[in-house]
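User: I'm new to reading protein structures. Could you walk me through this one, step by step?

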Amino acid sequence: MADRVNITVDGRQLAVEAGTLLIDACRGAGIEVPSFCYYPGLSLQAACRMCLVEIEKTPKLQTACTVPVMEGMVVRTTAPGVKDARRGMLELLLGNHPLDCPVCDKGGECELQDMVFRYGAAESRFAEEKRHIEEQQWSPVVYFDAPRCILCYRCVRVCDEGMGVGALRVVNRGARSEITPNHGDHLDCEECGMCIDICPVGALTSGAYRYKARPWEIQYVSTPCAHCGDGCKTTLSVRGNKILRGNNRDHSGVNGEFLCIKGRYAYDYIEHPERVKHPLIRKGTQWAEATWDEAFGYIAARWKAILAQSGAAEEVTQEAFGVIGSNHTTNEENYLLQKFARTVLRTNHIDHHRTADFPALMAALANQAETPLARANDLGQASAILLVGNNLTDQHPMLAWKIREACRLRGARLYVVNSRRIPLIQQSHQFLPVPAGGEPAVIAWLWGDTEAERALTSQTPGGEAVTRERLQAFRDSLQAEQSVVIVFGAEIAGEAVPALVRLGEKLAGRTRYIALADYSNSRGAADMGLLPHLLPGYRPVGDTGARALFEQSWKCSIPALPGWSREEMVGGVRDGKLSALYVVGANPLKGQDPAEYRGRSFLVAQDLFLHETAEAADVFLPAASAYEKSGTVTNTCGELQRLRKAMDVPGTRTDLDILSRLAGAMGSTGFLTRTEEILEEICRVVPGYQIPLAQILAGGAEATLTPGRAAGLAKDGAAKIESANDTLFTSGTMGRYSRILGLVPERETRKAAE
Ligand code: SF4
Ligand code: SF4
Ligand code: SF4
Ligand code: FES
């Protein structure tokens with residue numbers, strides 16, 4: 001246990017860990033010490049002097065944010081001199097402050113306003129004219145009003161230390177000091193809005209939210225972000241039936257402080273004018289609006305006819321139906337979709353866009369005793385992080401933030417293996433550049449395959465040579481680490497995954513893993529069995545025992561032969577081999593000409609927008625977005641979180657509702673229709689989901705388990721594992737329809753991956 005020291009604050013005896021800052025010691029005991037510039041996790045600035053306290057035997061007031069506790073320290077936080085100092089500092093801060101609280105965007109949630117109410121400075125001795133500077137727009141989302149700035153430097157530090165971007169700095173000195181962006185009058189940055197969030201006053205405001213609402217008009221709905229696989233909790237500010245703002249107000253999610261541009265602003269795709277709000281049935285080359293009953297009846301009639309043609313109910317209708325699911329729909333919807341495919345449409349042709357090889361990872365970890373999957377916060381506890389492939393800054397911004405934090409605050413060492421010069425190299429302890437696609441060869445070499453060396457010493461990014469000495473130094477340093485989290489992208493798939501796990505087993509201490517999947521419920525899609533060869537919980541569909549487990553629960557038989565992959569199903573439509581394809585929340589024809597697929601098989605698409613796949617379809621069903629429904633999602637680290645509904649879009653239905661009704665139209669009974677009931681079933685029957693739900697229902701996150709040591713966990717060597725390589729400013733189909741993502745100029749300068 002860490003050494004403790006005894007201090008007295010306002011007459012109270014406190015025993016505090018040695019080295020703790022006095023401000024934290026006081027706050028930990030519920031004793032208020034005001035501050036502006038102090039911010040946990042950022043470097044000390046000592047700029048605002050709001051935290052002054054009296055410490056016995058020191059001649060002057062001291063800043064509690066810079067003084068560590070010492071044995072026997074006697075502190076007074078409410079002495080008359082302290083109160084005078086606070087009042088004086090506020091008077092100074094207000095000297096040039098515009099006092100426009102009634103029209104300021106921060107009014108009602110401003111730290112300066114709160115401090116003035118609490119500590120005074122009702123009158124000012126400054127009679128001079130205030131120095132006015134026009135408000136500046138630094139980017140579509142960042143506005144700066146210099147006179148409101150109190151020069152706490154939080155924005156500068158969060159951008160520099162937290163984001164690793166360093167787009168803000170201070171120019172001039174004294175009363176003329178001013179925050180300025182990196183390109184003179186505008187920003188070129190990640191547009192994350194972290195500087196806006198952290199600004200204690202209304203100096204930095206959001207282009208997406210300003211002047212839209214007052215805090216007291218708002219209802220707050222905390223729900224996971226709908227974009228990448230990191231699962232950040234976003235607090236949505238909702239008024240009426242409209243989302244006005246996203247931030248991370250309560251810091252309660254796995255992301256803590258952090259949100260990237262997508263989580264903060266890119267919920268706006270849901271209100272794009274091209275959002276479809278009626279079912280559509282194709283009549284020739286045109287769409288005709290239909291009622292939901294007409295659409296369900298039409299689909300069911302076509303599907304029943306195909307089923308009738310395809311043989312006896314117990315036979316696998318391999319060439320009849322295909323189903324492609326989503327990386328964004330909830331666990332409950334995914335679970336129901338694969339159950340629907342297997343029991344109603346009688347097919348194992350079910351898949352989704354796979355961006356991480358979870359099946360191979362689960363198979364490779366099946367024999368490990370301790371839970372070897374890392375949670376997001378485990379990155380902060382490890383002595384080292386081995387990052388293989390992926391560009392986290394673009395594709396997993398929150399995990400990149402956690403890694404920077406681990407390196408900065410706890411001295412974790414980052415080892416990077418990549419064929420690109422990714423931004424996280426700045427934080428790395430060692431970087432091993434490899435030729436494109438060379439990541440598996442590094443793993444093989446580190447594991448002891450000397451043959452792999454030849455593949456590594458060819459071209460590398462920027463012409464850097466990987467010598468044997470460099471490989472050895474990398475390996476020796478890594479092997480000396482006591483606890484490593486291995487984070488890997490789609491570059492490591494198939495046979496490379498067990499090789500990586502074998503390497504992990506060779507490392508000293510405990511090794512844990514994070515497989516990086518692209519989207520908000522990519523992990524849940526795999527866990528729930530949107531896979532042609534695996535049932536929920538990665539149980540092989542060809543395994544009689546595994547099938548029996550689910551058949552018992554579903555009271556229905558399951559076809560035994562593994563089905564087709566997503567790519568095979570798309571080929572099946574093109575070649576006319578598949579009679580019907582049902583695509584839920586996905587666009588497998590992205591970038592292709594819909595006309596080449598139209599009319600070849602009966603295609604039903606269910607989504608928000610008429611993307612390429614929808615344009616090839618016979619029926620389109622307009623679905624609700626992640627912000628318009630409840631359920632659960634599982635982030636790429638396997639943390640289960642609850643999705644909370646923020647609003648409705650009339651005319652749409654949740655995927656769960658649509659599925660239940662389609663099941664009914666097909667004459668199927670026994671399909672659960674309530675999210676809670678389906679979640680209960682998942683927790684009962686899906687290996688890995690036997691976890692307590694109290695934390696999730698209360699808005700927290702709970703780690704799912706590895707599916708266990710069951711015999712027959714299968715890996716799928718033929719699977720196509722491919723990341724969409726989204727940038728910070730793209731997000732698959734949703735990114736195309738986000739106004740904010742379309743507005744920021746950085747989208748063009750960082751190659752879009754749509
Ligand atoms: S938006 Fe983000 S990256 Fe840009 S200046 Fe603010 S903190 Fe820095
Ligand atoms: S803009 Fe806001 S966060 Fe930045 S220094 Fe000024 S008051 Fe502090
Ligand atoms: S890091 Fe990912 S989950 Fe978090 S806010 Fe950004 S897109 Fe959303
Ligand atoms: S909080 Fe201590 S000087 Fe600003």
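Below are some short questions and answers about the overall chain, one strand and two ligand sites.

Analyst: First, some ground rules: this is a predicted model, where local features need pLDDT of at least 70, side-chain atom pairs count only at pLDDT 80 or more, and totals for chains, interfaces and linings use all residues. Residues are numbered from 1 along each chain as its sequence is written, chains are lettered from A and ligands numbered from 1 in the order in which they are written, and side-chain values use heavy atoms, with hydrogens and water left out.

User: Why does the radius of gyration of the protein chain agree with a compact globule?

Analyst: The radius of gyration is taken over C-alpha atoms, and the globule rule is 2.2 Å times the number of residues to the power 0.38. With 754 residues, that puts a compact globule near 27 Å, so the chain agrees, with its value of 28 Å.

User: How much of the protein chain counts as buried?

Analyst: Buried means under 20% relative accessible area, using a 1.4 Å probe and protein chains only. Out of 754 residues, the share that counts as buried is 61%.

User: Which way do the residues of strand β18 point, and are they buried or exposed?

Analyst: Strands here are DSSP runs of E with at least two residues, numbered from the N terminus. β18 covers residues 384-388. A384, L386 and V388 point one way, while I385 and L387 point the other way. Either way, the label for these residues is buried.

User: In β21, which residue is the bridge partner of I385?

Analyst: Two strands pair if DSSP finds at least two bridges between them. β18 and β21 (residues 483-488) run in the parallel sense, with 5 bridges. Within that pairing, the partner of I385 is V485.

User: And which residue in β19 stands opposite L386?

Analyst: β19 spans residues 413-418 and runs parallel to β18, joined to that strand by 5 bridges. Opposite L386 you'll find Y415.

User: Which elements give two or more residues to the shell around ligand 3?

Analyst: A residue is near a molecule if one of its heavy atoms lies within 4 Å of it. Ligand 3 has 13 such residues around it, with C225, C228, C232, C260 and M398 the closest. Helices are DSSP runs of H or I with at least four residues, and the elements you're after are α6 (261-265) and α11 (397-410).

User: How many charged residues are in the shell around ligand 1?

Analyst: Asp, Glu, Lys and Arg count as charged; Ala, Val, Leu, Ile, Met, Phe, Trp, Tyr, Cys and Pro as nonpolar; and the others, Gly among them, as polar. Around ligand 1 sit residues including C159, L168, E190 and E191. The shell has 7 nonpolar residues and 1 polar one, and the number of charged residues is 2.

Notes:
Buried < 20%, exposed > 50% of the residue type's maximum accessible area, 1.4 Å probe, protein only.
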